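Reader: I would like to learn how to read a structure of this kind, starting from a single strand and working outwards. Could we look at it together?

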Amino acid sequence: MKKHLLAALALALGVVLGLYALSLPTPLAAEGTGVADAAPAGGFSARRAFGDIEAIARAPHAVWDQASLVPVRAYIRERLTALGLEVTTTRYPPVTDKFGRSYPLENLGASLPGTSGSSLLLVSHYDSSPKKRAAEQDGSRGAADDGYGVSTMLEIARVLVASKEPRVNGVRFLFTDAEETGLLGARAELQQNLAAYRDVNFVVNLEARGVKGPAVMFETGTGNLATLQLYEAARRPFAYSFAVDVYRRMPNGTDFTWFVRSGFAGLNFAVLDDLSYYHTPRDEPANVSLASLQHYGEQALPVVQAYARDARYAGKGVFASTQDMVYFSWLPGVFVAWPGEWDAAFAALLAAACGVWARRELAAGRATPGASLRWLGVWLGGALASLAVGLGVSLAAAKLMGLEWKLTYLPNVPHERLVTWALVLGVWGAAYALAGRVARDPARRAGDRSPLLGAIGLQLLLLAVVHAALPGGTFLFSAPLLVALLALVAADLAKRPWLALLGVVFAASLYLPVLHLFSLALTLGALGGVLLLAALPAALAAALACDRGAAEPAGGAGAAG
Ligand SMILES: [Zn+2]
């Protein structure tokens with residue numbers, strides 16, 4: 001009983017830490033307003049930026065109603081002019097979008113030059129979405145999409161102008177037209193006006209897919225090693241390297257897509273929560289999150305400032321790299337990153353350490369090779385069963401709702417979150433029950449570590465597969481495995497088996513935000529993938545939770561290690 005309680009406590013602690021990782025900064029008021037939560041001098045104020053969202057999102061402003069764009073452009077021009085910036089308007093003759101409608105394009109630009117001749121370009125789109133596909137509705141006011149981007153850029157412009165700090169590198173602003181109907185404004189700039197971006201060597205795109213939650217840095221240019229080094233300037237970095245790999249395989253696009261195609265380095269941010277507001281009239285000022293807006297600023301502003309003040313970032317090609325970083329956010333402000341080039345060596349070292357540990361366990365008679373292999377099969381089978389259950393539930397949900405089933409787009413299924421988390425908990429519970437059978441069954445040996453060896457073997461196997469197929473995802477297996485191994489060694493050395501539960505705490509805290517983002521981004525259509533992803537660490541966590549430590553004599557012979 002005490003054992004179950006401790007395991008439940010470890011899981012609960014992991015969940016709390018995982019939720020903490022998803023927590024957002026306090027939205028700050030304008031500095032000098034005297035209130036307790038005022039931004040520091042030169043800081044980003046979401047409360048002030050929100051004024052821009054209110055102004056832009058007064059009414060829907062989609063390109064199919066050209067007149068509705070006029071006040072939005074006028075507002076952006078007015079704000080930039082008031083800050084002392086010169087606004088350039090680049091017009092393009094009418095284009096026909098993929099829906100068969102034609103209209104001219106008008107992109108707005110501004111610049112705060114530096115002395116080096118190199119510039120960072122901030123990009124957001126000022127049009128809002130018309131109804132384009134199922135589950136979308138006419139009349140989105142674009143408060144989040146892309147009011148977050150536009151207002152963040154205006155607030156950054158204000159901070160930079162007010163700071164009077166000399167800039168080595170310049171900062172430029174591009175507000176694009178017709179993003180929602182096919183990235184047309186950005187495409188026009190890069191296909192017809194590329195020379196105007198010769199000075200730009202870094203792009204920060206600010207987007208939204210949903211209205212709240214963390215502003216996730218979900219995409220980079222190709223070869224993001226140097227890009228990530230600049231991103232580490234962000235105050236609350238929130239990013240997972242597998243997102244870049246996944247996104248590169250998805251059909252979705254933002255303005256940033258055109259910049260990546262044109263070879264630019266940079267970062268792309270978006271909130272992902274919640275899709276039921278996305279491209280609907282509910283995307284209005286009342287539904288945006290000031291905390292999310294602050295989170296855009298906490299990340300983008302320090303990156304822009306670090307870029308502007310550092311001569312290292314001047315020049316063509318300084319962000320060029322042939323390799324990507326592997327990275328993940330853990331707690332707020334805790335960002336772990338290493339070059340992809342180290343990953344193979346890291347995995348090999350980890351495998352060697354696991355091998356040494358496993359040999360010791362086998363020699364001590366606390367596990368057998370046969371039973372460990374069988375357990376590897378059991379854990380893998382459990383993961384595949386979870387995949388099947390998730391797939392089945394999402395297919396059934398699509399049928400019940402009368403929606404076309406799509407792996408990456410099955411939005412607005414009622415209670416989708418409840419269903420997802422209940423099933424994730426079910427997967428973890430089932431894994432725990434499975435591992436617990438060994439501990440309880442008198443016919444099997446108490447202190448048998450075969451389930452643990454099997455789970456570790458599975459992690460190593462997955463690490464190898466993911467390293468080859470989705471290199472940004474290796475941390476999902478290497479980090480929990482490293483923590484588990486350290487926790488086990490500590491537990492054995494200190495003769496305190498409960499220390500192994502630290503591995504459970506870490507796995508849960510790492511996976512909770514990952515599973516959350518994964519299910520938000522891909523919707524219930526990907527429930528199978530979510531449950532598969534939940535089952536993989538569940539095997540390790542369950543085996544750790546049921547472990548009785550090396551101190552306890554194994555039931556059979558060879559207990560003396
Ligand atoms: Zn958008």
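Author: Let us begin with strand 7, from which Gly-266, Asn-268 and Ala-270 point one way while Leu-267, Phe-269 and Val-271 point the other way, and all of them are buried. A residue counts as buried if 20 or more other C-beta atoms lie within 10 Å of its own, as exposed if 12 or fewer do, and as partly exposed in between, with C-beta atoms placed from the backbone. Strands (E, at least two residues) and helices (H or I, at least four) are DSSP runs, numbered from the N terminus. Six of the six residues of strand 7 (residues 266–271) are buried, so the strand is largely enclosed by the rest of the structure.

Reader: On what kind of model, and on what numbering, does this reading rest?

Author: This is a predicted model, in which local features need pLDDT of at least 70 and side-chain atom pairs count only at pLDDT 80 or more, whereas totals for chains, interfaces and linings use all residues. Residues are numbered from 1 along each chain as its sequence is written. The general idea of pLDDT is that it gives the predictor's confidence in each residue, from 0 to 100. Here the mean pLDDT of the protein is 93, and 96% of its residues reach 70 or more. Over residues 553–561, however, pLDDT stays under 50, and for this stretch the model has 21 contacts beyond four places in sequence; two residues are in contact if their C-beta atoms, placed from the backbone, lie within 7 Å.

Reader: Which strands are joined by bridges to strand 7?

Author: As a general rule, two strands pair if DSSP finds at least two bridges between them. In this case, strand 5 (residues 200–208) runs parallel to strand 7 and is joined to it by six bridges, with Val-271 as the bridge partner of Ala-208. Strand 6 (residues 216–220) pairs with strand 7 in the antiparallel sense over four bridges, and there Glu-219 has Asn-268 as its partner.

Reader: Is Glu-207 of strand 5 buried or exposed?

Author: Glu-207 lies in strand 5, and it counts as buried because it has 24 C-beta neighbours inside 10 Å. Leaving aside neighbours within four places in sequence, Glu-207 is in contact with Asp-146, Gly-149, Thr-254, Asn-268, Phe-269 and Ala-270. The C-alpha atoms of Glu-207 and Asp-255, which are 48 residues apart along the chain, are separated by 8.8 Å.

Reader: How should I read the hairpin that strand 8 and strand 9 form?

Author: Strand 8 (residues 325–329) and strand 9 (residues 335–339) run antiparallel and are joined by five bridges, with Tyr-327 opposite Ala-337. Five residues lie between the two strands, and Gly-333 in the turn has a positive phi of about 85°. Both faces of strand 8 are covered, since Met-325, Tyr-327 and Ser-329 on one side and Val-326 and Phe-328 on the other are all buried.

Reader: What span should helix 10 have?

Author: The expected span of a helix is 1.5 Å times one less than its number of residues. The 24 residues of helix 10 should therefore span 34 Å, and its end C-alpha atoms are 35 Å apart, which agrees. Its buried residues are Gly-340, Asp-343, Leu-350, Cys-354 and Glu-361, and what covers them includes strand 8, strand 9, helix 13 and helix 14. Of helix 13 (residues 450–469), 14 of the 20 residues are buried, so that helix is largely enclosed by the rest of the structure.

Reader: Which domains is the protein divided into, and how many residues of each are in contact?

Author: Domain bounds come from an automatic or database domain assignment, which here gives domain 1 (2–17 + 341–545) and domain 2 (45–331). Their C-alpha centres lie 36 Å apart, and 20 residues of domain 1 are in contact with 18 residues of domain 2. On the side of domain 1 that touches domain 2, the elements giving two or more residues are helix 10 (340–363), helix 14 (475–494) and helix 15 (501–522), and helix 15 gives the most, with five.
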